[in-house]
Amino acid sequence: MSERTTNATALAGLKVLDLSWALVAPAAMRVLADFGATVVKVESSTRIDPVRAGPPYWRNQPGPERSSNFINYNVNKRMIQLDLSQQAARDVVLRLVDWCDIAIESFVPGVMERWNLHYDALRQRKPDLIMVSTCLNGQTGPDREGGGYGVGGAARAAMIEVLGWPDRDPSLARAYTDYTASRMVAVATLAALDHRRRTGQGQYIDLSQVEASIPFIGTAVLDAGVNGRLLRRRGNRLPGAVPHGVFPCAGDDCWIAIAVRSQEEWRALCGVAAAGWESDPRFASADDRERNEDALEEAIAAWTAPQDAHALEQQLQAAGVEAHAVLDSLEGGDDAQLQAMRHFVEVESSDLGVIPVENTRQRLSRTPSDPRWVGTYGEDNDFVLRELLGLGDDAIAEIAASGALQ
């Protein structure tokens with residue numbers, strides 16, 4: 001596997017030990033890998049990563065090597081199997097700590113301490129190490145050992161409570177914190193790297209996935225703290241933007257999203273609709289429209305229902321109204337804008353062939369990313385041990401005989 005190289009240069013020479021699992025930290029470390037960092041991904045078949053066990057599967061065939069989610073978030077990483085319950089495997093991790101610049105883990109607090117792989121122990125070995133720990137609730141506090149996934153994190157971050165309609169139960173936000181916290185992990189890691197390059201000092205990053213996601217409902221948090229007002233479920237409505245919703249269009253389950261934030265945009269919407277709304281006193285001002293929002297939404301839905309969502313989108317955008325046809329997953333793959341941005345690219349897998357994944361989100365003109373491949377279980381065991389750590393045949397054979405490489 002030594003021939004697997006990348007042309008990315010922004011983070012070339014950076015070495016990362018990725019002990020994480022699930023989604024948050026692996027997604028963050030994929031950003032570093034896409035830009036040229038050498039990322040060694042440690043996992044074990046004795047305790048399978050939950051993302052490996054979940055759909056969607058490549059070609060609709062289930063299997064731990066076929067999870068599209070896992071593939072998507074582990075591009076350009078070197079894959080090594082280590083059963084960390086065994087001392088021989090933890091000894092390999094210590095060698096990888098000597099090798100790396102950054103180590104990241106996402107276990108429940110206490111696990112790294114039991115293995116004696118926590119930051120206080122590792123920095124004695126490597127003083128300039130940057131170490132990142134990211135879990136649901138963080139490393140301190142009464143609920144530090146509370147495990148769980150992004151659905152629980154979204155509940156604790158107050159995201160689920162505000163989603164849905166006033167007369168119904170809250171809507172599930174899915175694993176929302178997984179997709180927000182990963183961005184925070186990447187930024188914090190790069191900030192620590194910049195600090196080390198300027199000062200020579202390593203540091204420890206403790207990132208709670210719940211806490212990192214709360215800023216995404218920052219307005220509601222501020223309103224509660226300053227004014228004592230709780231944000232309640234409002235469906236698709238948004239204070240200060242009327243109309244603000246999703247409306248039916250011609251076809252089976254076809255919709256268009258429309259948002260109006262100013263009187264100028266309102267007049268533009270009225271001009272396209274030509275339905276006499278501009279002369280209706282119920283809709284004269286934003287306050288009037290908000291007081292009569294039910295009637296307004298009913299009128300807009302009646303107007304949009306017989307129309308093609310994509311054609312209407314073009315009309316409204318040309319007039320200066322925020323609008324977009326609601327795409328399903330298949331339409332998203334064919335979307336001309338996403339294709340122009342090369343949002344989807346193909347990478348190579350040694351056992352599955354060529355696989356589409358999402359491209360790197362960031363576009364750097366001088367030092368672009370270069371997603372190339374995805375590995376399989378333990379595919380890089382020999383490369384990591386021999387090429388990166390410099391171990392010989394006897395040492396590798398001893399590690400393998402111990403059962404650590406599983």
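The largest cavity encloses about 40 Å³ of space; to display its lining, select Arg52, Glu65, Phe70, Ile71, Ser349, Asp351, Leu352, Val374, Gly375 and Thr376. A cavity is a set of points, on a 1 Å grid over the protein atoms alone, where a 1.4 Å probe fits but cannot get out, and lining residues have an atom within 4 Å of a point. Grid points are joined across faces, edges and corners, and a volume is the space filled by probe spheres set on the points. The count comes to one cavity of 30 Å³ or more. The model is predicted: local features need pLDDT of at least 70 and side-chain atom pairs pLDDT 80 or more, while totals for chains, interfaces and linings use all residues. Residues are numbered from 1 along each chain as its sequence is written, and side-chain values use heavy atoms, with hydrogens and water left out.

Next, select Trp21, Ala22, Asp49, Pro50 and Tyr149, which lie nearest the centre of the largest pocket among its 44 lining residues. A pocket is an open set of points with protein on both sides within 12 Å along at least five of seven lines. The volume of the largest pocket is about 920 Å³. Helix H1 (24–34), strand E2 (38–43), helix H4 (111–114), strand E5 (130–135) and helix H7 (176–199) each supply at least two residues of this lining. Helices (H or I, at least four residues) and strands (E, at least two) are DSSP runs, numbered from the N terminus.

Move on to Val162, Leu163, Leu231, Arg237 and Leu238, the residues nearest the centre of the second largest pocket, which has 23 lining residues. This second largest pocket holds about 690 Å³ of space. Helix H9 (residues 218–227) gives the most to its lining, with three residues.

Finally, select the open sheet of three strands, ordered E7-E8-E9 with antiparallel pairing. Strand E7 (244–249) and strand E9 (322–325) are at the edges, each with a single partner strand, so one side of each has no neighbour in the sheet. Two strands pair if DSSP finds at least two bridges between them; E7 and strand E8 (residues 254–259) share six bridges. One position to highlight is glycine 245, whose bridge partner in E8 is isoleucine 258.

Add helix H12 (residues 293–304), which lies across E7 and E8 at about 35 degrees to E7. Axes are lines fitted to C-alpha atoms, for helices over the stretch in contact (heavy atoms within 4.5 Å), and angles run from 0 to 180 degrees between N-to-C directions.
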